[in-house]
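Please walk through this protein model with me, from its overall make-up down to single residues and their contacts. The structure is shown here.

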Amino acid sequence: MRIVSLRFVYATLIGLVLAGIVHIAAVLAIPILSEKDAVSRARTSESLDHPQPIYTVATGDDPSPPEAWLPIPDPAVAVGVCAYDLADGPMRVSARTGALSLSLAAHARRGAFYAVTDQAAVRGALDLVILTRAQYDEALADDDENDPSRDVRIVAPDTRGFVVVRVIAGLPSQRPAANAAIQAVSCTTDSATDDAPTGKDAAGKGGGR
């Protein structure tokens with residue numbers, strides 16, 4: 001009887017260990033095997049110089065899309081994404097602020113790592129530059145002390161990611177303007193010879209999530 005009990009306990013322990021190994025392996029394999037994670041889906045916008053529309057708020061003639069792959073917090077919020085690959089150079093997202101509230105949120109595979117609103121704009125312009133640590137250090141070394149940069153600089157945790165652009169239409173009459181404001185945002189790759197406009201730097205420590 002004791003031998004049977006020991007065999008049962010032994011078999012149970014082996015089963016639990018194997019189940020744990022399989023579970024851990026499955027969790028670790030999800031980012032590698034999944035082709036539909038947010039970063040992968042956003043990569044279709046890498047070749048664009050403006051955000052790819054993800055959610056267009058409904059107007060009188062055009063209803064909003066039935067579904068979108070990013071969570072939509074409010075039906076009055078227009079959403080677009082700009083994907084980046086920092087191996088090609090720093091990613092610059094430029095927006096002109098206006099009457100509508102605008103926000104930018106930088107995402108990597110593990111989620112959002114920085115967010116900024118139009119309240120951080122300087123003279124009506126908001127420039128978010130996403131860099132690797134090496135690119136950030138190089139940009140600091142190239143800064144002119146007499147003409148400091150006005151860029152909001154962020155060090156990204158991963159080489160690939162995307163920026164979510166959101167514009168709020170507070171009134172139904174503002175919905176077409178919100179959709180247009182998404183398309184008016186510029187998403188470009190800075191080259192090493194680009195002259196950086198002028199700012200505030202945030203080495204990935206500021207901002208909200």
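A hairpin links strand 4 to strand 5, with two residues making the connection. The model is a predicted one, and this hairpin is a convenient place to enter it. The two strands of the hairpin run antiparallel and are joined by six bridges. On another side of the pairing pattern, strand 4 also pairs with strand 8, again in the antiparallel sense and over six bridges. Strand 4 therefore has pairing partners in both strand 5 and strand 8.

Alanine 106 shows this arrangement at the level of one residue. Its bridge partner in strand 5 is tyrosine 114, and in strand 8 alanine 106 stands opposite valine 163. How enclosed is strand 4 by the rest of the structure? Strand 4 covers residues 102-108, and six of its seven residues are buried, so the strand is largely enclosed by the rest of the structure.

Serine 103 also belongs to strand 4. Buried residues have a relative accessible area under 20%; serine 103, at 23%, is therefore partly exposed. Beyond its neighbours within four places in sequence, serine 103 is in contact with Val116, Thr117, Val164, Val165 and Arg166. For one of these, threonine 117, the separation between C-alpha atoms is 4.2 Å, although the two residues are 14 apart along the chain.

The wider setting comes next. The protein chain holds four helices and nine strands. Read from the N terminus, the order of elements is α-α-β-β-β-β-β-β-α-β-β-α-β. The chain has 209 residues, of which 34% count as buried. Its accessible surface is about 12500 Å², and carbon and sulfur atoms account for 57% of that area.

Helix 4, residues 175-184, has Ala178, Asn179 and Ile182 as its buried residues. These cover an arc of only 95° around the axis, which puts them on the same side of helix 4. The spacing fits a general rule: an α-helix has 3.6 residues a turn, so residues three or four places apart point the same way. What covers the buried residues of helix 4 includes strand 2 and strand 8, the latter spanning 160-168. Strand 8 is thus part of the cover for helix 4 and also a pairing partner of strand 4.

Strand 2 takes part in a covalent link as well. The structure has one disulfide, and it joins cysteine 82 to cysteine 187, with an S to S distance of 1.8 Å. Cysteine 82 lies in strand 2 (residues 77-85) and cysteine 187 in strand 9 (residues 186-189), so the bond ties together parts that are 105 residues apart in sequence. Are these two cysteines buried or exposed? Both cysteine 82 and cysteine 187 are buried.

Two arginines deserve a look for their surroundings. Arginine 92 is placed in strand 3, residues 91-96. With a relative accessibility of 8%, arginine 92 counts as buried. Its side chain has a polar contact of 2.9 Å with the side chain of aspartate 190. Arginine 153 is found in strand 7, residues 152-155, and its relative accessibility of 2% places it among the buried residues too. The side chain of arginine 153 makes a polar contact of 2.8 Å with that of aspartate 143. In each case, then, a buried arginine has an aspartate side chain as a polar partner.

A third arginine, arginine 123, sits in another setting. Arginine 123 lies in the loop between strand 5 (111-117) and strand 6 (125-131). Its relative accessible area is 72%, and arginine 123 is therefore exposed. What is notable about its backbone is the sign of phi: the angle is near 55°, a positive value in a residue other than glycine. Most residues other than glycine have a negative phi. The loop that carries arginine 123 follows strand 5, the strand that the hairpin joins to strand 4.

Conventions
Residues are numbered from 1 along each chain as its sequence is written. This is a predicted model: local features need pLDDT of at least 70, side-chain atom pairs count only at pLDDT 80 or more; totals for chains, interfaces and linings use all residues. Side-chain values use heavy atoms; hydrogens and water are left out. Buried means under 20% relative accessible area, exposed over 50%, partly exposed in between (1.4 Å probe, protein chains only). A disulfide is a pair of cysteine sulfur atoms within 2.5 Å. The arc is that of the directions from the helix axis to the C-beta atoms. Contact means heavy atoms within 4.5 Å. Two strands pair if DSSP finds at least two bridges between them. A polar contact is a pair of N or O atoms within 3.5 Å; within protein, one must be able to donate a hydrogen and the other to accept it, and residues adjacent in sequence count only if both atoms are side-chain atoms. Accessible areas come from the Shrake-Rupley method with a 1.4 Å probe; for residues, only the protein chains shown count as cover.
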